[in-house]
Amino acid sequence: MKMSEEEETPANGCSRSELSLALDDCMAALDLFLRNDFEKAQARLRSRTKDSMYHALTYATILEMQAMMTFEPQHIQTAGNTMKEAQATCQRQRKKSSFSKSYTEEELHAEVCYAECLLQRAALTFLQDENMISFIKGGIKVRNSYQTYKELHTVLYSSGYSQGENHGHFEGGVKLGVGAFNLMISMLPTRTLKLLEFVGFTGNKEFGLQQLQEGSAESTFRSFLCNMLLLCYHTFMSFILGTGEGDVEDAEKLLQPYLQKYPQGSIFLFFAGRIEEIKGNLDAAIKRFEECCEVQQEWKQFHHMCYWELMWCFTYKRHWKMAYFYADLLSKENTWSKATYAYMKAAYLSMLTPDDCLTFGETAFTLFRQVPGLKQKIAGKSLPTEKFAIRKARRYLAESPIALPAPPLEMMYIWNGYTVIGKHKELTEGMLTTLNEAQAKLDSTPRSEFTFDDQCLLSLLKGLCLKHLGRHEEAEHYFTLILCNESQIKYDHYLVPNALLEHGLLCLEQGRKAEAIRLLETAKQNYKHYSMESRTHFRIQAALHKAKGAGENGINVSSSP
């Protein structure tokens with residue numbers, strides 16, 4: 001690349017390397033992206049993807065973010081091909097000889113960029129292909145990436161390493177990879193973790209969080225990605241795959257400087273909304289999500305993420321018509337899971353009177369019947385939420401279907417929404433009122449093959465509300481009731497391990513640690529092949545980690561990548 005005199009010679013009189021200039025340019029493109037100038041950011045990067053590893057990686061990362069938000073097969077395919085090309089660009093700049101132990105600065109950066117490409121390609125592989133070969137290939141990519149990060153971590157802290165001009169950016173890349181791997185691996189259920197440890201993977205949550213925290217604190221190329229991973233962990237992963245143990249205060253501290261610098265940045269407004277939501281400040285959350293939709297029209301994907309959260313905010317408020325409105329928008333505009341969206345629309349209409357439903361031009365009954373026909377596969381598998389929705393909706397295929405007792409409140413449990421409303425007494429009491437109404441309706445209906453399942457579902461949800469209201473004895477009664485009726489449950493077998501999980505968390509809250517561990521171990525060991533099993537195992541694991549206070553997943557691991 002031809003450089004002007006000004007570019008070549010900064011104030012100190014030293015010429016700057018191609019690598020430094022490329023990093024500056026990529027950070028400028030990232031800045032455009034964070035200001036919602038998505039097309040300008042991509043145009044700035046596109047022209048140099050063949051000759052600059054950082055341009056290639058940044059451009060491919062933006063396309064991957066788009067693919068992850070849309071789940072459109074075309075977007076996933078394009079992102080995969082672009083990331084493969086980025087990997088080839090990095091490969092050309094990697095160390096040629098494996099005999100030499102020394103690296104140039106460019107070679108170190110090529111290694112860390114190459115590892116990042118592998119990691120992102122593996123994530124896409126799991127999204128796009130339908131045969132087991134692609135899963136194996138994805139696994140190999142993950143292993144190669146993991147090994148590269150381990151080696152680079154060793155290089156970074158070796159006595160022979162000398163800091164180059166762009167040391168901060170390289171160190172940030174290593175912290176991102178090492179932190180991400182440690183955090184993700186540490187969250188896995190024990191049976192998966194033991195398999196991974198057998199092939200050389202280890203994960204330590206505290207170490208992973210520390211690495212990402214350090215990576216986000218510096219003003220480097222990767223600080224934004226470190227920040228995003230931490231925000232995702234504290235506001236999403238710890239709720240959906242955990243027991244809500246994310247640190248909201250930490251999330252607010254991480255977000256604040258970005259929100260000040262990019263007050264209209266869609267990504268940051270979205271996380272600001274999510275933070276308010278998990279704090280239980282629903283009106284403030286709704287305002288933030290609406291603002292996020294208003295600030296830009298170029299990437300509708302951000303709107304869809306907001307619609308999903310807005311749907312849940314109105315669910316927590318029991319504003320069924322507004323929740324339906326956002327589920328309907330998603331069903332029309334987004335392709336992630338048409339079956340789930342149709343199920344949620346039906347679920348909300350089922351909470352309204354027949355007269356109220358007339359204004360929407362469709363009924364809960366017809367929508368529930370459509371759900372099984374909307375099934376789709378991603379990476380050869382149906383989404384767990386979609387499978388759950390289809391299984392529940394099958395009840396409506398009968399000639400005289402028996403209605404589900406409170407479908408939005410059940411799906412709310414699947415997404416750990418009771419942890420959110422539990423922070424506000426009036427929201428929890430409101431939900432308990434709705435559950436008591438559903439109970440009264442169930443009691444007045446003739447018995448059917450679903451009666452015990454529906455009774456146990458309402459018991460689980462009432463137990464959760466009572467737990468959050470501090471009425472622990474009553475909550476425990478409902479959790480125990482499910483266990484007593486275990487043999488009577490015909491379809492919703494997921495209720496029993498989840499009742500044990502919630503009972504265990506209640507015992508933990510009361511300081512009955514030994515009893516909590518016994519209940520959690522029973523839930524983990526004694527039940528298999530039920531709906532949303534993997535998500536329940538993630539939550540059990542997070543609860544056991546909290547109970548045992550041991551190394552990750554009860555397995556002692558060293559603080560290493």
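Q: Is the crossing of α26 and α28 left-handed or right-handed?
A: The α26–α28 crossing is left-handed. In a left-handed crossing the near helix is turned anticlockwise from the far one by less than a right angle; clockwise is right-handed.

Q: What sort of model is this, and how are residues numbered?
A: It is a predicted model, where local features need pLDDT of at least 70 and side-chain atom pairs pLDDT 80 or more, while totals for chains, interfaces and linings use all residues. Residues are numbered from 1 along each chain as its sequence is written, and side-chain values use heavy atoms, without hydrogens and water.

Q: Back to that pair. What angle and axis distance do α26 and α28 have?
A: Helix α26 (residues 495–509) packs on α28 at an angle of about 20°, with the axes 11 Å apart. That makes α26 roughly parallel to α28. The cut-offs: under 35 degrees is roughly parallel, over 145 roughly antiparallel, 65 to 115 roughly perpendicular, the rest oblique. Axes are lines fitted to C-alpha atoms, for helices over the stretch in contact, and angles run from 0 to 180 degrees between N-to-C directions.

Q: Which residues meet there, α26 against α28?
A: From α26, Asn498, Leu501, Leu505 and Leu508. From α28, Thr536, Arg539, Ile540, Ala543, Lys546 and Ala547. Contact means heavy atoms within 4.5 Å.

Q: And how do the residues of the contact of α26 with α28 divide?
A: Into 6 nonpolar, 2 polar and 2 charged. Asp, Glu, Lys and Arg count as charged; Ala, Val, Leu, Ile, Met, Phe, Trp, Tyr, Cys and Pro as nonpolar; the others, Gly among them, as polar.

Q: Next pair. What do the axes of α24 and α25 do?
A: Helix α24 (residues 451–468) and helix α25 (residues 472–484) cross at roughly 160°, and their axes come within 8 Å. The two are therefore roughly antiparallel. Their crossing is left-handed.

Q: Which residues of α24 and α25 meet?
A: On the α24 side, Cys456, Ser459, Leu460, Lys462, Gly463, Leu464, Leu466 and Lys467. On the α25 side, His472, Glu474, Ala475, Tyr478, Phe479, Leu481 and Ile482. By class, the α24–α25 contact has 9 nonpolar, 3 polar and 3 charged residues.

Q: What about α16 and α17, at what angle do they pack?
A: About 160°, with axes 9 Å apart, for helix α16 (residues 320–333) and helix α17 (residues 338–349). That makes α16 roughly antiparallel to α17. The crossing of α16 and α17 is left-handed. In their contact, 9 residues are nonpolar, 1 is polar and 4 are charged.

Q: Which residues make up the α16–α17 contact?
A: In α16, Trp320, Ala323, Tyr324, Ala327, Asp328, Leu330, Ser331 and Lys332. They meet Lys338, Tyr341, Met344, Lys345, Tyr348 and Leu349 in α17.

Q: Single residues now. Is Glu410 buried or exposed?
A: Buried, at 1% relative accessible area. The cut-offs are under 20% for buried and over 50% for exposed, with partly exposed in between (1.4 Å probe, protein chains only). Glu410 sits in helix α21 (residues 407–414).

Q: What does Glu410 touch?
A: Beyond four places in sequence, Tyr343, Phe388, Lys392, Leu457, Leu461 and Tyr494. With Lys392, the side chains share a polar contact of 3.0 Å.

Q: Which helix holds Leu231, and what is Leu231 in contact with?
A: Leu231 lies in helix α11 (residues 223–240). Leu231 is buried, at 0% relative accessibility. Setting aside neighbours within four places, Leu231 contacts Phe236, Ala251, Leu254, Leu255 and Phe271. Its C-alpha is 10.0 Å from that of Phe268, 37 residues apart along the chain.

Q: And where is Tyr258?
A: In helix α12 (residues 248–261). Tyr258 is buried, with 14% relative accessible area. Past four places in sequence, Tyr258 touches Ser223, Phe224, Asn227 and Phe268. The C-alpha atoms of Tyr258 and Asn227 are 9.6 Å apart, with their positions 31 residues apart along the chain.

Q: Last topic, backbone. What is phi of Asn416?
A: Near 60°, a positive value in a residue other than glycine. Asn416 is in the loop between α21 and α22 (417–421). Asn416 is buried, at 9% relative accessibility.

Q: Where is His529, and is His529 buried or exposed?
A: In the loop between α27 (513–525) and α28 (533–548). His529 is exposed, at 76% relative accessible area. Phi of His529 is positive, near 60°.

Definitions and conventions: Helix = DSSP H or I, 4+ residues; strand = E, 2+ residues; numbered from the N terminus. Polar contact = N/O pair within 3.5 Å; in protein donor to acceptor, adjacent residues only side chain to side chain.
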